[in-house]
Structure formats: structure tokens, C-alpha cells
Amino acid sequence: MNVTDPYNGIVNDSYVQASQPPVVPDTTPINITLFSNFTVVHWCPTISGTFQAPSGNFASIVLTYNGEATGAVYDSSYWMTLNNVTVFTGTTPEYGNWTVQDNVTQFASMLHGKVYYFFYPPMTIINGSFINSVTISFYPVAPGVVSPSEPNEIFSTPLGYANDVSTANITVPDNAVAAKLLLYVYGYGADEFWYANEPTYSPFENIQVTSGSTPIANVLPFPYINTGGINLFQWRPITGVYTLNDRPYEVNVTAALGILEGTHNLTVSMNKIDPGSFWQVSADLLVYTSSSAGPAELLAYNFSQPISFTESSSNGLNYTTIGVSSYSYSSLIPTETGYIIAGTNNNETFVNIQDYSPNDVWENITQLSATTTVDFTTYMSDGNYTSQTVIKSTMFPLVMDIGFPTVVVSTTNGGYPMIVLSITDIPVMEQGWIQTSISEIQYPSGLVGTGEHITEDIADVSNAYNVENLTLTDPYAGIINSVTNVSSLTTKYYYSATIINSTLVSSYTHIIEALANNATQPNYAASIIYDQIWQLQNMPFGLF
């Protein structure tokens with residue numbers, strides 16, 4: 001496809017996002033600024049303090065992070081805890097300014113009185129700076145509207161830098177009726193690009209959560225791409241999927257309450273393959289309790305540890321890795337009027353295909369991580385029977401065709417730092433997080449209700465090409481000295497919809513395209529040539 005840049009290389013100052021901002025009620029929020037324009041030069045351990053949470057009932061609580069990069073910086077992670085519970089993580093761009101909003105309403109039960117906050121700011125690494133501001137907005141419940149139901153008890157394992165494992169001793173009350181995990185996991189060093197590990201290491205990675213010594217969850221990691229990843233110019237100003245606001249992995253563990261209740265060590269770990277890598281990991285356990293519930297009893301348990309194998313071609317240029325994992329369990333929860341039986345069945349499949357050219361210049365990656373979870377719940381109360389089944393399908397597709405022809409200009413005693421002339425050529429790249437949840441409820445009357453929620457966040461890059469002079473500081477990082485050419489077409493597609501009883505009740509679609517053609521400025525950002533949002537009230541015919 002031949003494309004031209006009608007904007008002729010306009011430099012954008014800000015990053016743009018396609019994902020839907022938090023939905024808030026039409027009430028006046030109470031805004032609390034935690035800190036404003038806090039500047040970090042190179043490194044700062046934490047920004048910490050306290051604030052007094054407002055009293056009242058709130059329909060929505062939104063955290064807003066404003067960041068700005070000045071000078072030369074690398075992409076760098078940031079994360080935040082409230083009362084030592086991880087609520088927000090993300091990764092910075094390498095230039096400009098950005099705003100991220102995160103819905104933290106589900107943590108409402110701990111946001112009372114004096115609240116302690118810790119913000120772990122991004123590190124510039126080179127010689128620039130990051131300017132950081134965070135505000136939390138409390139939106140009151142509108143008159144006549146019922147307050148949302150949120151978890152009563154919240155536990156968290158510490159989010160450490162370069163830990164690979166995080167654990168906390170917790171006591172889950174014996175009157176729980178539902179529970180879910182939120183997992184925050186991100187790879188660094190060699191495993192920033194873990195999906196390209198062949199031929200040295202396997203690309204199969206697995207997140208595991210245990211209660212005591214008993215595994216309760218396996219999760220396949222998402223192939224994040226930072227704003228400086230692979231080719232930094234293709235992510236200006238459109239970022240990869242969930243880059244600025246890392247989406248946590250959500251796992252329903254109600255069926256594991258027979259294991260979780262009581263005092264145990266809650267542990268989340270990463271079975272990293274490359275010893276030169278490190279992973280940032282943390283787990284939140286959100287628990288709903290009821291005064292009418294009794295101690296849960298484990299009814300059944302089966303957990304198969306993940307296995308994988310790799311096949312390679314005789315010439316050492318083609319590798320196929322397949323991994324699988326599965327588990328199932330169920331628990332009975334007694335209540336004053338009957339009981340609840342919760343069960344789950346989880347199956348995961350991972351396929352990664354990597355092909356190399358004989359001169360090691362080209363690498364083609366095709367990968368799919370797919371998870372199907374079936375959660376079933378039976379409610380018996382005063383002889384009335386209600387059942388619910390939820391089928392959740394999650395897919396992480398990844399396609400990359402990458403070329404890196406490089407000429408070494410000079411080295412430091414034969415090693416790093418070294419100056420190279422590099423060409424980055426990416427004809428095709430696609431990254432996506434696609435999730436569908438389908439539920440069916442059968443009521444005592446015999447009526448059946450259905451629901452479906454769909455979320456798709458997809459980034460596509462085509463015809464990405466740039467020529468640059470780099471100083472490589474190590475095999476994984478470098479500083480751009482000059483740029484000869486930048487060309488790319490980046491498209492971001494976000495779609496979210498909720499369907500109740502076969503009727504579309506809400507939807508949000510956002511498509512953005514950015515085009516660069518023969519740009520040469522080091523701080524260049526592609527021009528936005530298309531930016532359109534559709535919501536339910538003005539949805540174009542034919543999208544569904």
C-alpha cells in the first residue's frame with residue numbers, strides 16, 4: 001500500500017489512547033490531589049504520604065495520573081499502592097505528556113479515614129526527567145441510585161521491583177461468599193521480549209498463584225510492548241495495547257474458598273526461563289463476605305502443572321513451542337437459608353512459532369495464548385434453586401515480521417558501548433487482548449437470562465521503517481544519536497460492548513490511525529490522520 005503524510009511530519013506533544021475512559025455518574029466529584037508536578041531526575045524511590053478519604057457512598061472512584069517526559073529518557077514503569085494494596089501500574093512513553101485514568105472503585109472498602117499512598121515513579125535512566133501528578137476523584141452516588149456492591153476484605157502481596165516472587169501471610173475470614181484475584185505481572189531485562197526467546201530459551205512463561213503450598217491459578221502472560229519496544233517510532237503517539245495502564249489479570253477464585261479461608265501465605269510467582277531476566281509481580285485478593293455464610297468446604301480439586309515442548313528444524317532456523325495447563329476445583333459455602341456451590345474449570349493453550357533468516361537479520365513470530373474458563377455457581381435458598389454459568393474466553397494474538405540489519409561503526413574494546421548504523425523494518429505487527437464473557441442464569445421460575453460482555457484492544461503496525469545511528473549500551477538498550485528516516489502506519493482499535501438478553505445495551509468503539517512518512521526529527525511523532533469514537537447512541541450501521 002502506498003501512503004502519503006498529508007500533515008508532513010507534524011510533531012505531536014501528547015500520547016493518545018483508544019481504550020474507554022472510566023464511566024462516571026453525573027454527580028460532582030470530590031477531587032483530592034495527592035501530589036502535583038513532582039519531578040524525578042534519574043531515580044526516586046517513592047513518593048509517599050497520606051490523605052483523608054471523604055465520607056459517604058460513592059458510585060465511582062477514579063485515579064488520574066498525569067505524566068510528562070523531558071529530555072532523554074527510557075520507557076520506565078510506575079505503580080501505586082493505597083494502604084499497601086497495589087491499585088495501578090503502567091509504563092511511560094519516551095517523550096511528551098500523557099494522562100491515564102483508572103477505575104479503583106472496587107477498592108472502596110479500604111478508602112476510609114486516613115489513607116496511605118505510595119507512588120513508585122518512573123526512572124529516567126539517562127539524563128532527562130519525569131514530571132508526575134496524581135489525583136483521586138470520588139463521585140457520589142446519585143439520589144435514588146443504589147450503591148455498587150464492592151469487596152469487603154482486600155489483601156495484597158507486596159509489589160517489588162525485580163522480585164519474580166511476591167508473598168504475604170493473610171487471613172481470609174470464614175464467611176466469604178465470593179473472591180477474585182487481580183494479578184500485576186511485567187517482565188524486564190531479557191524477558192521484556194520473552195516471546196522472542198528462541199533459540200536460547202523457551203518462550204513459554206507461566207504465572208502461578210498458591211495458597212500455602214496449594215496452587216489455585218495459572219495465567220498466561222500478555223505480550224506487552226513498551227513505547228520503546230522493537231521500534232519506538234511506531235508507538236508515537238499511539239501506544240501498544242494497555243501500555244500506559246497495565247491491565248491486571250482477573251481470576252475468579254470463589255470455587256477455591258475451601259482452600260483460601262483461614263491463615264495462609266498467598267504467593268504469586270513467575271517461572272522465568274531466562275536467568276538474565278526479572279519480573280515484577282503482585283497479587284490482590286478481593287473477598288466478598290456475608291454474615292449469613294459459614295466456613296467453605298472444598299468438594300473437589302485437580303491441578304495439572306503447566307507443561308511445554310519445543311520442536312526445531314534441522315537447520316536451526318524454525319522453532320515451534322506448545323504449552324498447556326489446566327485445573328478445576330469446587331467448594332460448598334453454607335448459608336442460613338441453604339448453600340452455594342461454586343466450581344471452576346480452566347484450560348490454557350500456548351503456541352509460539354519463530355522463524356529466522358539464515359543471516360539472522362529477519363525474525364518472524366506468530367503467537368497465540370488462549371484461555372477458556374467455565375465458572376458455575378448454584379444457589380439454594382429456602383428451597384429455591386438458581387444457577388449461573390459464565391464462560392470466559394481470553395486470547396492474546398501476536399504477529400511480528402521484523403528485520404534488523406545492523407552495521408557496527410565502532411566498539412569499546414570490542415564490546416559495549418558500541419555505535420551502530422541500524423535499520424528497523426517491520427512490514428507487519430499485530431498485538432491484541434481479546435476477551436469475551438458469556439453468562440446464563442436460570443431462575444427458580446424457570447426463566448433464563450443471558451449476558452455477554454466483549455472487550456477487544458488491538459494494535460496494528462504496517463510498513464514501519466527507520467534508519468538510525470545508535471549507541472548500544474548493552475544487548476537490550478540503546479540511545480539514538482541521529483535519525484535518517486521514519487515511516488510507519490499504526491492503527492489502534494478498541495471495542496467494548498455489553499449485551500443483555502440478546503439486546504445491545506452499551507458499546508464503545510474507538511479507532512485511531514497515525515502516519516509517518518520520511519520523518520527525520522529524533523523527537524518525531526506520527527500525524528494522527530483518523531480518530532473516531534462511536535457510542536451506542538450514534539453507532540454506524542454494519543459494525544455489528
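# Exercises on a predicted model

In this predicted model, the side chains of Gln 106 and Lys 180 are joined by a polar contact of 2.8 Å.

**Exercise 1. Place Gln 106 in the chain and list what surrounds Gln 106.**

Step 1. Find the element. Gln 106 sits in the loop between β6 and β7 (114-120).

Step 2. Set aside the neighbours within four places in sequence. The residues then in contact with Gln 106 are Glu 150, Pro 151, Ile 154, Lys 180, Leu 182 and Leu 286.

Step 3. Return to the polar contact. Lys 180, one of the residues in that list, is joined to Gln 106 through the side chains at 2.8 Å.

**Exercise 2. Describe the open sheet that contains β11 and β16.**

Step 1. Write down the strand order. The sheet has 4 strands, ordered β9-β16-β11-β14, and the pairing is antiparallel.

Step 2. Identify the edges. β9 (153-156) and β14 (249-252) each pair on one side only, which makes them the edge strands.

Step 3. Give the twist. From one strand to the next, the twist averages 20 degrees.

Step 4. Look at one pair of strands. β11 (residues 176-189) and β16 (residues 277-289) are paired in the antiparallel sense over 13 bridges. Among the bridge partners, Val 185 is matched with Val 281 in β16.

**Exercise 3. Classify two of the aromatic pairs and say which parts of the chain each one links.**

Step 1. Start with the total. There are 32 aromatic pairs in the structure.

Step 2. Take Tyr 15 and Tyr 95. Their ring centres are 5.0 Å apart and their planes stand at 55 degrees, so this pair is tilted. An edge-to-face pair would need an angle over 60 degrees.

Step 3. Locate these two residues. Tyr 15 belongs to the segment before β1 (30-41), and Tyr 95 to the loop between β5 (85-91) and β6 (96-103); the pair links distant parts of the chain, 80 residues apart. Both Tyr 15 and Tyr 95 are buried.

Step 4. Take Tyr 494 and Tyr 508. This pair is edge-to-face, with 6.2 Å from centre to centre and 70 degrees between the planes.

Step 5. Locate the second pair. Tyr 494 is in strand β25 (residues 477-500) and Tyr 508 in strand β26 (residues 503-519), so the pair ties together parts 14 residues apart in sequence. Tyr 494 and Tyr 508 are buried as well.

**Exercise 4. Name the members of the aromatic cluster that includes Trp 98.**

Step 1. List the phenylalanines. Phe 35, Phe 38, Phe 88, Phe 119 and Phe 130 belong to the cluster.

Step 2. Add the other rings. Tyr 65, Tyr 78, Tyr 117 and Trp 98 complete the cluster.

Definitions and conventions:
Residues are numbered from 1 along each chain as its sequence is written. Side-chain values use heavy atoms; hydrogens and water are left out. Rings of Phe, Tyr and Trp (its six-membered ring) pair if their centres lie within 6.5 Å; planes under 30 degrees apart count as stacked, over 60 as edge-to-face and the rest as tilted. Buried means under 20% relative accessible area, exposed over 50%, partly exposed in between (1.4 Å probe, protein chains only). A polar contact is a pair of N or O atoms within 3.5 Å; within protein, one must be able to donate a hydrogen and the other to accept it, and residues adjacent in sequence count only if both atoms are side-chain atoms. Contact means heavy atoms within 4.5 Å. Two strands pair if DSSP finds at least two bridges between them. Axes are lines fitted to C-alpha atoms, for helices over the stretch in contact, and angles run from 0 to 180 degrees between N-to-C directions.
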